[in-house]
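Subject: A structure for you to look at

Hi,

Here is the structure I said I would pass on. Have a look at it first, and then read my notes below.

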Amino acid sequence: MRRYLRVVGLCLACGFCSLLYAFSQLAVSLEEGAAGGRRPQAAAMGSWLADGGRGPGRGAGSAGFDRSGRCKDLSLCYWNHYWMLPSDVCGMNCFWEAAFRYSLEAQPTEKMHLAVVACGERLEETVTMLKSALIFSIKPLQVHIFAEDQLHDSFKDRLDSWSFLQRFNYTLYPITFPSDSAVEWKKLFKPCASQRLFLPLILKEVDSLLYVDTDILFLRPVDDIWSLLKKFNSTQIAAMAPEHEEPRIGWYNRFARHPYYGKTGVNSGVMLMNMTRMRRKYFKNDMTTARLQWGDILMPLLKKYKLNITWGDQDLLNIMFFHNPESLFVFPCQWNYRPDHCIYGSNCREAEEEGVFILHGNRGVYHDDKQPAFRAMYEALRNCSFEDDAVRSLLKPLELELQKTVHTYCGKTYKIFIKQLTKSIRSRYDTPPKER
């Protein structure tokens, strides 16, 4: 019996050694078998680990592992056979590092999807919005731009000059509506506005999407609003902010001639969507006892309410979520901060406490003198370049410009405009590389 147990123990020991050898060979093949493609990724992963997971600083090249000192300090693997490791390197640490590193390479970094619809003279606004998104964002960004045909060449000229931004890709699309009702959709509110309603049907391969209007400015990474997708419960398919915080100045609760979500309605200028769920869901409605899917409910909804809606597609979304309130995740006003939140005095409590996260300059306030605080923010980001020094030096002249706007209600609270912006710049650009 004892002899039998010894044989079994010997077999197990040999099996374990064979397993270690197999993992060693796998690690070597991953490093050497694809030298042209995988090695830069491995180097970037080493930099990522050293930088605390935030990614390399802007403009930094992809450097390989420092094999002279870091392996000894951190017990990192030399990616050699285990019997060739120096005596001061822990072989077991190398074994686990190989498995961990392989799993990271096997799972590509999540890509965020951002969509915008641009028509008329909205080219410059759109480019500025994209710049604000790219200055702070961490994960790769795939941008879907729906624009009139005459704007495509201009977009290409501007965005192709950003080719040095390796974590940014874009795709241009024409403005398209269902052929049998295109005229009606184009006449709704503004020529291109209702395009956003059809994004789940056009971008069929995209699971989740952040839609924003052209007059949006990101004051913190897109990653942060993208992370709200994880807070959706099992029934929620989209997220928006309330149209108003103060019912006494609300539009929907005072003037709407149709159903709307909640007490004051919701604003669709910033809309986070789980489009897979949107395509699958059957929506309750007041047109038929049968529930309808997204592609089937839009046109009947327009036919019923087209004489009663003022804000076009936003009103249709309000009607839809009035009947399906369990499907909407409502995020605070600081994620969609508009002149309505300060024009008669500050009424966005979250922005007062933490600052503005996303600035929404609707009603053309970036281009007139009605709200100089909004215009100052827009011009500062429009004129800012992608260089680290330019972003770092953005705050001081911007604050001086905002101080000139204190004669307005929005200007009196100008510090909430730069509170989060200051944090974003310091986090992304002022932190030493090893701590990022």
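Let me start with one residue: Asp223 is buried, at a relative accessible area of just 8%. Keep in mind that this is a predicted model, and that "buried" here stands for anything under 20%.

What does Asp223 pair up with? Its salt-bridge partner is Lys139, and the closest N and O atoms of the two are 3.6 Å apart. Lys139 is partly exposed, with a relative accessibility of 23%. Try finding both on the chain: Asp223 belongs to helix H9 (residues 222-226), while Lys139 is in the loop between H5 and strand S2 (141-147), so this salt bridge ties together parts that lie 84 residues apart in sequence.

That pair has company, as a search of the whole structure turns up 20 salt bridges. Here are two others that I looked at.

One of them joins Lys281 to Glu326, with 3.5 Å between the closest N and O atoms. These two also come from distant parts of the chain, 45 residues apart. Lys281 sits in the loop between helix H11 (275-280) and strand S8 (282-283), and Glu326 in the loop between helix H13 (313-323) and strand S10 (328-330). Are the two partners buried or exposed? Lys281 is buried, with a relative accessible area of 16%, because the cut-off for buried is under 20%. Glu326 comes out at 28% and counts as partly exposed.

The other is between Arg158 and Glu124, whose closest N and O atoms are 3.1 Å apart. Here both partners sit in helices: Arg158 is in helix H6 (residues 152-160) and Glu124 in helix H5 (residues 123-136), and 34 residues separate them. Arg158 is partly exposed at 31%, and Glu124, at 30%, is partly exposed too.

There is also a network of salt bridges to trace, made up of Glu243, Arg338, Asp340 and Arg363. Arg363 deserves a second look. You will find Arg363 in the loop between strand S11 (358-360) and H15, and with 58% relative accessibility it counts as exposed. Its backbone stands out as well: phi is positive, about 60°, although Arg363 is not a glycine. For background, most residues other than glycine have a negative phi.

Now for the helices. How many of the residues of H13 are buried? The count is 10 of 11, so this helix is mostly covered. Among the buried ones are Asp313, Leu316, Ile319, Phe321 and His323.

H17 (residues 395-403) gives you another case to look at. Its buried residues are Leu395, Leu398 and Leu402. They span an arc of only 65° around the axis, so they are on the same side of H17. What covers them? The cover includes helix H15 (372-383), helix H16 (388-392) and helix H19 (415-430).

Finally, some numbers for the whole chain. The protein chain has 19 helices and 11 strands. Of its 436 residues, 50% are buried. Among contacts with a separation of 6 or more, 70% are between residues 24 or more positions apart. The chain exposes about 21600 Å², and carbon and sulfur atoms supply 54% of that area.

Happy exploring!

Definitions and conventions
Residues are numbered from 1 along each chain as its sequence is written. This is a predicted model: local features need pLDDT of at least 70, side-chain atom pairs count only at pLDDT 80 or more; totals for chains, interfaces and linings use all residues. Side-chain values use heavy atoms; hydrogens and water are left out. A salt bridge is a side-chain nitrogen of Lys or Arg within 4 Å of a carboxyl oxygen of Asp or Glu. Helices (H or I, at least four residues) and strands (E, at least two) are DSSP runs, numbered from the N terminus. Buried means under 20% relative accessible area, exposed over 50%, partly exposed in between (1.4 Å probe, protein chains only). Contact means heavy atoms within 4.5 Å. Accessible areas come from the Shrake-Rupley method with a 1.4 Å probe; for residues, only the protein chains shown count as cover. The arc is that of the directions from the helix axis to the C-beta atoms.
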